[in-house]
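Below is a short note on the model you sent, set out point by point. Please read it with the structure open.

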Amino acid sequence: MANKRKRDDASSSELGIDPLECILRKLPSFLDVLRFKRVCRSWYSVAENYVSGPCFSPSSQTPWLLLPSYEEDWKEDDDKEERGLCFFNLEEKKEYRDVSVCREVYEGRCVGSSHGWLILLDKKGNLSVFNPFSGARIQVGSLIQDLEFTYVDAYTLGEHPRMLVSKAVVMSDSKKNKHKDGVVMIYGRKLVFCPYNDGRFIELDGAHPPYQDIICSSAHMVSALSEAGSVEIWDFSGECFPTKIMDMTPSFPLKTAELVRSFRDLYSSHFYLVETCRELLFIVRFIGEFVDGDGKPVREGDLLSDEDTQPKICPYKTLLFHVYRLDPHEEKWVEMESLGDQVVFVGGNHSISLRVEDCPGCMKDSIYFTDSYWERVDEDYSYGGHDMGYYSLRDQIVKPFYDTQLWKMKPIPFWVMPNPW
């Protein structure tokens with residue numbers, strides 16, 4: 001009887017706080033929290049208070065894929081607003097079409113995806129972050145007002161925003177710490193930071209431009225990877241200007257350098273920086289510039305023969321990855337033949353690594369990628385945004401994770417971490 005009374009008292013005490021919050025605490029997944037929020041206005045309010053409070057701590061989850069939604073009766077000239085967007089859940093292999101969207105997402109103005117937020121850059125140079133799960137939005141600042149801006153920049157901003165801002169990430173996954181959080185981005189050859197609290201763009205003292213990737217850690221550290229393979233790290237945890245705490249130029253991996261030099265006319269290479277629980281990874285992605293139906297890279301001159309009146313359509317395609325870990329003591333990149341139980345996600349998103357047990361539906365020792373070939377995604381009406389799949393380091397082969405026959409995907413798919421804030 002005494003034990004039963006204690007259990008009843010605990011339940012009464014828990015229910016006395018808020019019965020709906022007790023339900024929220026027992027929901028098994030992020031998707032269930034989203035469904036809870038959409039029941040009615042009062043439930044939405046309870047959920048907002050819960051996820052913004054100290055009791056809520058989102059567990060690691062598989063990133064979702066944000067991509068255009070094509071219905072069976074959709075036609076090429078249909079209005080893109082009616083076409084819509086959807087999320088693809090890797091665990092369930094299922095699409096969810098109830099997505100919060102805004103005009104800039106439809107228009108392909110996304111320049112980054114980080115901690116569940118999409119970083120958007122409109123045609124006037126205004127930067128904002130938008131959560132497609134909750135619909136929350138934060139206005140950040142204006143590039144035109146704070147940075148050197150030319151006529152060429154203005155044209156690029158209007159037509160190809162990702163050629164101006166090649167990668168942008170946010171400092172953390174919530175909107176609780178606006179006084180410290182903000183957006184860090186690669187703007188041309190520079191690294192730029194814009195805090196939420198004042199909207200001013202601050203140039204970081206980067207020593208090795210141009211840059212290929214940037215990431216933010218939970219400790220408010222920002223790491224940048226240069227085209228030469230160097231790594232710089234800034235500490236943003238203080239109250240003053242960010243402080244650079246590391247500047248290292250490891251010897252560039254010979255294996256990658258030789259492949260780049262030997263097959264420059266067949267492949268382009270893209271670099272990503274990834275943080276695991278133990279170390280920093282340097283990931284090199286090799287994209288065949290023109291890949292035939294057999295999956296082999298061909299030279300551009302081979303696309304048109306004497307008998308052809310039109311060149312063959314051979315879109316670019318990712319074929320290979322190299323993976324290295326940083327040895328900070330030897331100051332060199334060490335090749336890795338396996339990622340072990342890790343799963344890596346790269347593309348236009350904040351590059352991340354997760355344990356396979358936290359990523360149901362994913363294969364371990366694999367790199368899941370989306371299209372981030374900004375120089376070519378818009379070059380042709382018949383393809384672009386299509387280059388996605390996963391690469392198994394063990395099998396050394398690219399496999400599909402999303403069943404589609406489409407070569408043109410607009411807006412370009414992005415990985416998005418589930419985030420209710």
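The points go from the whole chain to two sheets and then to one residue.

1. Status and content. The model is predicted. The chain holds 10 helices and 25 strands. Of its 421 residues, 51% are buried.

2. Surface and contacts. About 20,700 Å² of the chain is accessible surface, and carbon and sulfur atoms contribute 48% of that area. Among contacts with a separation of 6 or more, 56% join residues that lie 24 or more positions apart.

3. The sheet S12 to S15. Four strands make up an open sheet, ordered S12-S13-S14-S15, and the pairing is antiparallel. Strand S12 (211–216) and strand S15 (243–248) are at the edges; each has a single partner strand, so one side of each has no neighbour in the sheet. From one strand to the next, the twist averages 15°.

4. Register of S14 and S15. Five bridges connect strand S14 (residues 231–235) with S15, in the antiparallel sense. For checking the register in the viewer, take Trp234, whose bridge partner in S15 is Lys244. As general background, the strands of a sheet pair through backbone hydrogen bonds, in either a parallel or an antiparallel way.

5. The sheet S16 to S19. This open sheet also consists of four strands, in the order S16-S17-S18-S19, with antiparallel pairing. Its edge strands are S16 (267–275) and S19 (332–335), each of which pairs on one side only. Here the twist from one strand to the next averages 35°.

6. Register of S17 and S18. Strand S17 (residues 280–288) pairs with strand S18 (residues 317–327) over eight bridges, again in the antiparallel sense. One position to inspect is Leu281, which stands opposite Arg325 in S18.

7. The helix on that sheet. Which strands does helix H10 lie across? Helix H10 (residues 254–262) lies across S16, S17, S18 and S19. Relative to S18, helix H10 runs at about 150°.

8. A residue in H8. Thr156 belongs to helix H8, which spans residues 151–159. Is Thr156 buried or exposed? The relative accessibility of Thr156 is 15%, and buried means under 20%, so Thr156 counts as buried. With neighbours within four places in sequence left aside, Thr156 is in contact with Pro161, Met163 and Leu164.

Conventions
Residues numbered from 1 in each chain as written. Predicted model: local features only at pLDDT ≥ 70, side-chain atom pairs only at ≥ 80, totals over all residues. Heavy atoms only, no water. Helix = DSSP H or I, 4+ residues; strand = E, 2+ residues; numbered from the N terminus. Buried < 20%, exposed > 50% of the residue type's maximum accessible area, 1.4 Å probe, protein only. Contact = heavy atoms within 4.5 Å. Pairing = 2+ DSSP bridges. Axes fitted to C-alpha atoms, helices over the stretch in contact; angles between N-to-C directions. Areas by Shrake-Rupley, 256 points an atom, 1.4 Å probe, with all protein chains shown as cover.
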